[in-house]
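I opened a fresh page of the notebook for this one. Here is what I looked up, in the order I went through it.

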Amino acid sequence: MMEFLHRWIWSDAERRARKLLNFAETEADGGRDLVRAAEVTKDATLRRLYMIHAADEQRHAELFRRRGAALLENLPARHASVMQMNW
């Protein structure tokens with residue numbers, strides 16, 4: 001059942017683009033949380049690791065954002081809105 005649902009969700013270009021843009025937001029939020037954690041930790045090694053991880057999350061966000069935007073740019077004008085399932 002879930003395989004069918006996943007296939008259906010990812011089969012539509014607009015839904016796929018919006019999912020990727022949502023993933024970008026999630027990754028960027030995670031990066032911001034890690035920066036905040038780095039700001040309050042006293043351990044220099046842990047702070048450095050938090051910042052490395054935060055930079056990686058930001059990189060992921062940018063990759064998802066670019067791909068989602070590229071998919072949206074290539075959609076025909078008829079695509080107005082597609083049902084989103086953000087559970």
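**Entry 1: contacts along the chain**

I began by noting that this is a predicted model. My first look-up was about contacts in the protein with a separation of 6 or more: residues 24 or more positions apart account for 67% of them.

**Entry 2: the elements**

Next I asked how many helices and strands the protein has. I found three helices and zero strands. Reading from the N terminus, I wrote the order down as α-α-α. Helix H1 covers residues 2-11, helix H2 covers residues 13-40, and helix H3 covers residues 44-73.

**Entry 3: inside and outside**

What share of the residues counts as buried? I looked it up for the 87 residues of the protein, and the figure is 26%. For the surface, I noted that the protein exposes about 6,400 Å². Carbon and sulfur atoms supply 58% of that area.

**Entry 4: salt bridges, starting with helix H1**

I then turned to the charged side chains and found that the structure holds seven salt bridges. I looked at some of them one by one, going helix by helix.

In helix H1, I found Arg7 in a salt bridge with Glu3. Their closest N and O atoms are 2.6 Å apart. The two residues sit four residues apart, about one turn of the helix. Are they buried or exposed? I noted both Arg7 and Glu3 as exposed.

**Entry 5: helix H2**

Here I found a salt bridge between the side chains of Arg32 and Asp29, at 2.2 Å from N to O. Both belong to helix H2 and are three residues apart, again about one turn of the helix. I wanted to know why Arg32 counts as partly exposed. Its relative accessibility is 42%, so Arg32 falls between the 20% limit for buried and the 50% limit for exposed. Asp29 also counts as partly exposed, because its relative accessibility is 38%.

**Entry 6: helix H3**

My last stop was Glu62 and Arg65, whose side chains meet in a salt bridge of 3.0 Å, N to O. I placed both in helix H3, three residues apart, about one turn of the helix. With a relative accessible area of 29%, Glu62 is partly exposed. Arg65 is partly exposed too, with a relative accessible area of 31%. Which residues are joined into one network here? I found that salt bridges with shared partners join Glu62, Arg65 and Arg66.

Definitions and conventions:
Residues are numbered from 1 along each chain as its sequence is written. This is a predicted model: local features need pLDDT of at least 70, side-chain atom pairs count only at pLDDT 80 or more; totals for chains, interfaces and linings use all residues. Side-chain values use heavy atoms; hydrogens and water are left out. Buried means under 20% relative accessible area, exposed over 50%, partly exposed in between (1.4 Å probe, protein chains only). Contact means heavy atoms within 4.5 Å. Accessible areas come from the Shrake-Rupley method with a 1.4 Å probe; for residues, only the protein chains shown count as cover. A salt bridge is a side-chain nitrogen of Lys or Arg within 4 Å of a carboxyl oxygen of Asp or Glu.
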